[in-house]
Amino acid sequence: MASVSSGTAIGYESLTWDAPVEAGYGLADLRAAQRQAGKYEAAVPASIADLTVALPAGVLADAEEASNEITRFDAELGDEIAPFSAVLLRSESAASSNIENLTASARAIAEAEALGDTSRRNAALIVSNTEAMKAAVALADRLDENAILAMHATLMRDSNPASAGHWRTEQVWIGGGNFGPRGADYVAPHHARVLDSIEDMIAFTRRAAMPTLPQIAIAHAQFETIHPFTDGNGRTGRALIQAMLRHKRLTRQITVPVSAGLLTDTDAYFGALGSYRDGDPAPIVERLSEASILAVANGRRLVADLRSLREEWNARIIARRDSAVHRVADLLIKHPVFNARLLQRELGVRTGNARRYVDPLTDAGIIVEFTDRARNRAWRAPEVLSALDDFATRAGRRGRPD
């Protein structure tokens, strides 16, 4: 028999975890698995499609302030949107991954993205998260169950292709042991409840005449409560935030790196998710509002640093202002690691002519070559990569992983 609470509070249902019967366990593991056999309590998500959202006036005011900051930042970039859109999206993807202990330097991420270097696992996973963020934004106009599956498929297609783009068909939990849900910090709903719960959450996201940022925060917390996938729930749920920001027109051009804001205090973030499951949505709304304001401030600093850097390069580049050398310099803000093939794809520069436009930037100390091959040479812009690492350092990180 399931117990269901009102508001956002989860209920619980008693289920049975069966002892393992398959061979292949060592003795210690077999005993640990057998101790899991028996009754356990799984969450039953509240229905939120018709939820009455009543928040303190101060929480609503903070959410409105954060919403205004997001829209102002989006508008500030004006005609410079192309390079900074890519930079901010990549920064959001890295920060979202960092919340789950997937960390990599800006250089490693850029090399994985530009050169297809998969030798560093974390960087490759962050690149997959970047692609999931792109998918989230692209699918924002038709935010539904299939869009969420598409985000997850993009995120997990390389690291876990068997589960990519599929709702889970097994019980999952957070914390505790590997052999069963008993003693876990949180036991997600039984997999039979996933699809109905997702449909209910989508119905909530489609409601009009609601404060936008509170609606996004509640939908995100509900998604994490449902935990609809075997892996990648946190990163997919934060991609969903970006999709909703675009869907609700708070952003029109850029990805605001809200995960970098959440990184400043991950304990508060996870605590807010716990409060939501206890029936109080105010903390997750507060946390998303604060994270958004921090993200905008950090994003503005990154954009200012990159603008200043690009302006300073003009004094160092020995080439006419209408030369393609300056177009390559512009591209470095978006792609701080590149090779000749990328130049051809992005700027139409024939691979045989690449050195003509690259050498002046090398001579100016703006880029360095980091391959010693006669073919497939690649270059990086250390100052841009340093600015991206500074952005990540400012975001900071406290608390425990997802």
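Here is a friendly conversation about a predicted model, covering its domains, its annotated sites and its salt bridges.

Colleague: Which domains is the protein chain divided into?

Modeller: Let's start with the overall layout of this predicted model. One part is built from three stretches, 11-18, 34-66 and 82-298, and the other is the stretch 301-392. Those parts are called domain 1 and domain 2.

Colleague: How many Å separate the centres of domain 1 and domain 2?

Modeller: The two domains do touch, with 19 residues of domain 1 in contact with 20 residues of domain 2. Taken over C-alpha atoms, their centres are separated by 34 Å.

Colleague: What area do domain 1 and domain 2 bury between them, and which three residues supply the most on the side of domain 1?

Modeller: Domain 1 and domain 2 bury about 1,700 Å² between them, with 70% of it on carbon and sulfur atoms. On the side of domain 1, 31% of the area buried against domain 2 comes from three residues, more than from any other three. They are Phe84, Arg107 and Asn298.

Colleague: Which helix gives the most residues to the side of domain 1 that touches domain 2?

Modeller: The elements that give two or more residues to that side are helix H3 (81-98), helix H4 (106-115) and helix H12 (282-314). With eight residues, the one that gives the most is H3.

Colleague: How many residue pairs are in polar contact across the interface of domain 1 and domain 2?

Modeller: Salt bridges between domain 1 and domain 2 come to a count of zero. For polar contacts across the interface, the number of residue pairs found is six.

Colleague: Which residue does UniProt list for "active site", and is that residue buried or exposed?

Modeller: The unreviewed UniProt entry lists His227 for "active site". Histidine 227 sits in the loop between helix H8 (212-226) and H9. Its relative accessibility is 10%, and because buried means under 20%, histidine 227 counts as buried.

Colleague: Which residues does histidine 227 touch, not counting residues up to four places away in sequence?

Modeller: One of them has an annotation of its own, since the "binding site" in the unreviewed UniProt entry includes Asn233. With those sequence neighbours set aside, histidine 227 touches Arg168, Val172, Ile174, Ala188 and Asn233.

Colleague: Which backbone oxygen does the side chain of asparagine 233 reach?

Modeller: Asparagine 233 lies in helix H9 (residues 233-247) and, at 4% relative accessibility, counts as buried. Beyond four places in sequence, asparagine 233 is in contact with Phe223, Glu224, His227 and Pro228. At 2.7 Å, its side chain reaches the backbone oxygen of phenylalanine 229.

Colleague: What is the relative accessible area of glycine 234?

Modeller: Glycine 234 is also among the residues where UniProt places the "binding site", and glycine 234 lies in helix H9. This glycine is buried, with a relative accessible area of 2%.

Colleague: Which residue forms a salt bridge with arginine 238?

Modeller: Side chains of opposite charge can pair when their charged atoms come close. Arginine 238 lies in helix H9, and its partner is 138 residues apart in the loop between H3 and H4. Arginine 238 is buried with a relative accessible area of 0%, and the partner is buried with 17%. The closest N and O atoms are 2.7 Å apart, and the partner is glutamate 100.

Colleague: Where does the partner of arginine 300 lie?

Modeller: Arginine 300 forms a salt bridge with glutamate 76, with the closest N and O atoms 2.7 Å apart. Arginine 300 is partly exposed at 27% relative accessibility, and glutamate 76 is partly exposed with a relative accessible area of 40%. The pair links distant parts of the chain, 224 residues apart: arginine 300 is in helix H12, while glutamate 76 is in helix H2 (residues 57-76).

Colleague: How far apart are the closest N and O atoms of arginine 301 and aspartate 305?

Modeller: Both residues lie in helix H12, four residues apart, which is about one turn of the helix. Arginine 301 is partly exposed at 44% relative accessibility, and aspartate 305 is partly exposed with a relative accessible area of 26%. In their salt bridge, the closest N and O atoms are apart by 3.7 Å.

Colleague: Which residues do salt bridges that share partners join into one network?

Modeller: The count of salt bridges comes to 23, including the one between arginine 300 and glutamate 76. The residues joined into one network through shared partners are Glu69, Arg72, Glu76 and Arg300.

Key
Residues numbered from 1 in each chain as written. Predicted model: local features only at pLDDT ≥ 70, side-chain atom pairs only at ≥ 80, totals over all residues. Heavy atoms only, no water. UniProt positions renumbered as here; feature names shortened; annotations may be inferred. Buried < 20%, exposed > 50% of the residue type's maximum accessible area, 1.4 Å probe, protein only. Contact = heavy atoms within 4.5 Å. Polar contact = N/O pair within 3.5 Å; in protein donor to acceptor, adjacent residues only side chain to side chain. Domains from an automatic or database assignment. Buried area = accessible area lost by both parts, 1.4 Å probe. Salt bridge = Lys/Arg side-chain N within 4 Å of Asp/Glu carboxyl O.
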